[in-house]
Amino acid sequence: MKNRYIKIFCIAVVGAFTLASCDKGFEEMNKNPNALTDPALKSMFTLAEIYVDGQDFSNTRGNNLYAAQIVQHFSSLGGPGSKYTYSSEYSAALFGETYGKGLNQIFQLMSVIPEGPENSNMIQACRIMKVFLFQKLTDTYGEVPYFEAVKGYNGNIFNPKYDTQEAIYNDLLKELDEAGTALDAGKGFVGSADLYYQGDVARWKKLANSLMLRVAMRLSKVNPAKAKEYVEKAYSKGVFTSNDDSLVLKHDAGPAGVKTNPITSSWVRNDLNGGESNIKFSKTFIDLLKNTNDPRLRIYAKIEATGDNNPANQQGLANDAKEFPGGDKKVFSDPNTSTVLRLDAPTLIMSFAEVQFILAEASVKGWNVGGSAQTYYENGVRAAMNILTIFGDKVPAVTPAEYNTYITTYPFKSAGTEAQKIEQIITQKWIVLLFNGFEAFSEYRRTGYPVLVPVNDPTGETNGTIPRRLIYDQSELITNAANFKEAIQRQGLDLMTTRIWWDK
C-alpha cells in the first residue's frame, strides 16, 4: 500500500477541518480561500475502513489487556482482564476511540456524500461499517448513545441520550437488511479506495448478510424468535461462501501507528522484547490446542526468546498466576512474530469460518439454514485452519491430511445433546476469534463457552465472577451526566458484573 495511509490521514484530516469550519447558512462567509473545499470522499472512505479495525489505543487497552484476557486467550500477571481489576483508562479506551474516531469519521463522510444513485453504494457501505462499530460498543458496555450519537457537527446535539440495547439491536438489523438490499453492482463505488474488497459490491452484500448473522445470533436467548427470523433471512440473502469472502484488512510494516497492525504493533514495539513481555498466551488456550494436537498451534505460538514454535514445547501462563513459575517469563509462549504478530500481519475482522459456526449453531437449534450442523462445523474447522495462510509462509500451512486427522480424532458430536454440540461449535469459534477479544468476550457471555476457570484475585473487582461488561468512560459523568445516570438506572450499576440486555 506504500504511502497510501499517510496520504489518507493528511487528506481526511484537512477535509474534516474544512467541513467543521462551515455552519449551515454561512457557507460563503466561512470559506477559507486557501482550504480544501471539496471533500476527498474516497480518502475519507478508506480512513473509515481503517477505523473500523480500531487503532492501537483501543486494541492494546480494550482488546489485548481486557477482553482477550477475560476470555483467556492471553494472560498477564497484572493484566486487568486476567485479574478482573479496574483501570479507568483501559476500560474506557473503546468508548472514547470509537466515538472520537471511527463513528465520527463515518458520520462526517455520510454528511458530505452528494445525493444521487452514483453514491448509493458508498452510503450503504458506511451503514454497514457503522453497524460493526456500534455492535462492538453496545456489546462491551450495554446501553450507549446511538440515535443521537455523533451529531455535534450536524445536529448540535452535544449531550446524546443513551438508548436501550433492544432499540439499538432492532436498528442494527434494519440497517443491515436495508443496506445489503440497496447495494447495487450496476452503480458506481470507490474502486481501489476500498481496502476491504476493492470495490466488489457482490462481496459487500455478503458482508452485510454475514454481519446480520452475527448480530441476529446475539439475540438467541433474549429474543429467540427474532434471532431465528434474521438468521434465516441473512442466510437466504447470501452470506460468505469461502475464505475469499472473509473480511481481511492488510497492513504494512511501517510507519508505526499509521500502517501497522493496530493489535500487534504496540505489542511488538513496546512489550515483546525478545520474550520479556508480561502478556503471554493463556494456559487455557495453549493446553486446549496441545491436548488436541491442533496443527494451528505451530502457526499461532512461539517461544520468542528461542524462536521455538514446536507445539510440544509451548507453555501458557495461568490467568490466576501471581508470578511466572520458575521465575523465567522467557519460557512461556508468545504470539508468533513470524506469523500472527508481525507488524504487517493482516487483521481478520470477520471470517468465513465464523459464519460457518453460526450456521452450525442455527442448524443445531433447528432453524432453516439449508445444511446440517455437522457439515457447517467441519467446513468451519477446515476454513479456520486454511485462513491462516494469510499470515505468510514462514511456518508451514495446515495440510489436508492434518485437517483430516484432526476432524476424525475429534468429530462433531452428532449424537450429543444440544448443549454439547453448541459447546463444541463455540469452542472452535473461540479459537478462530484469537485477536478479536471483544467478539470472543461477547460470545462467551452469550453461550457460557468455552468453559473458563474464574479467577478470584484480591485485587479484582468481581469477587471471582467472570466480568459481564466493561465500565463506561467516566468522563461521561461530567460531560453527559443526566443521560449517563438515566442509562444506569435502567441497566443497573456501572459495574463489571452487571449483565447487559441480551446476556441471559
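Modeller: Let's start with a word we'll need a lot: a residue is buried if its relative accessible area is under 20%, exposed if over 50%, and partly exposed in between (1.4 Å probe, protein chains only). And helices are DSSP runs of H or I with at least four residues, strands are runs of E with at least two, and both are numbered from the N terminus. One caution: this is a predicted model, where local features need pLDDT of at least 70, side-chain atom pairs count only at pLDDT 80 or more, and totals for chains, interfaces and linings use all residues. Residues are numbered from 1 along each chain as its sequence is written, and side-chain values use heavy atoms, leaving out hydrogens and water.

Biologist: OK, what makes you say that α18 is largely enclosed by the rest of the structure?

Modeller: Eleven of its 15 residues are buried, so α18 earns that description. Among the buried ones are Ile422, Gln428 and Trp430. They pack against α13 (283–291), α14 (297–300), α15 (352–364), α16 (373–386), α17 (400–409) and α19, where a contact is heavy atoms within 4.5 Å.

Biologist: How do you know that the length of α18 agrees with what a helix should span?

Modeller: The expected span is 1.5 Å times one less than the number of residues. The 15 residues of α18 (418–432) should therefore span 21 Å, and the end C-alpha atoms are 21 Å apart, which agrees. Do the same for α7: its 22 residues should span 32 Å, and its ends are 32 Å apart, so that agrees too.

Biologist: What can you say about how covered α7 is, and what follows it?

Modeller: α7 is mostly covered, with 20 of its 22 residues buried. Right after it comes Gly142, whose phi is positive, near 105°.

Biologist: Why is Gln428 called buried?

Modeller: Its relative accessible area is 5%, which is under the cut-off, so Gln428 counts as buried. Gln428 lies in α18 and touches Arg296, Phe357, Tyr377, Val381 and Tyr406, not counting residues up to four places away in sequence. Phe357 is 71 residues away along the chain, yet the two C-alpha atoms are separated by 8.0 Å.

Biologist: And Gln69, why does that count as buried?

Modeller: Its relative accessibility is 1%, so Gln69 falls under the cut-off as well. Gln69 is in helix α4, and its contacts, leaving aside neighbours within four places in sequence, include Phe74, Pro80, Ile279 and Asn319.

Biologist: Why is the pair Tyr141 and Tyr472 called stacked?

Modeller: Rings of Phe, Tyr and Trp (its six-membered ring) pair if their centres lie within 6.5 Å; planes under 30 degrees apart are stacked, over 60 edge-to-face, and the rest tilted. By this rule the count comes to 28 aromatic pairs. The centres of Tyr141 and Tyr472 are 5.9 Å apart and the planes stand at 15°, so this pair is stacked. It links distant parts of the chain, with Tyr141 in α7 and Tyr472 in the loop between α19 and α20 (476–479), 331 residues apart. Both Tyr141 and Tyr472 are buried.

Biologist: Then what makes Trp267 and Phe435 edge-to-face?

Modeller: Their ring centres are 6.4 Å apart and the planes are at 70°, so they go in that class. Trp267 is in α12 (265–272) and Phe435 in the loop between α18 and α19, so the pair ties together parts that are 168 residues apart in sequence. Trp267 and Phe435 are both buried.

Biologist: How many cavities are there, and what makes a space a cavity?

Modeller: On a 1 Å grid over the protein atoms alone, a cavity is a set of points where a 1.4 Å probe fits but cannot get out, and its lining residues have an atom within 4 Å of a point. Grid points are joined across faces, edges and corners, and a volume is the space filled by probe spheres set on the points. The count is two cavities of 30 Å³ or more. About 480 Å³ lies in the largest. Its lining has 34 residues, and Thr347, Leu348, Ile349, Phe435 and Asn436 are closest to its centre.

Biologist: And what about the second largest cavity?

Modeller: That one holds about 90 Å³. It is lined by 15 residues, with Tyr51, Gly54, Ser58, Glu97 and Thr98 nearest its centre. α6 gives the most to this lining, five residues.

Key: 1 Å grid on protein atoms, 1.4 Å probe; cavity = no way out; pocket = protein on both sides within 12 Å on 5 of 7 lines; lining within 4 Å.
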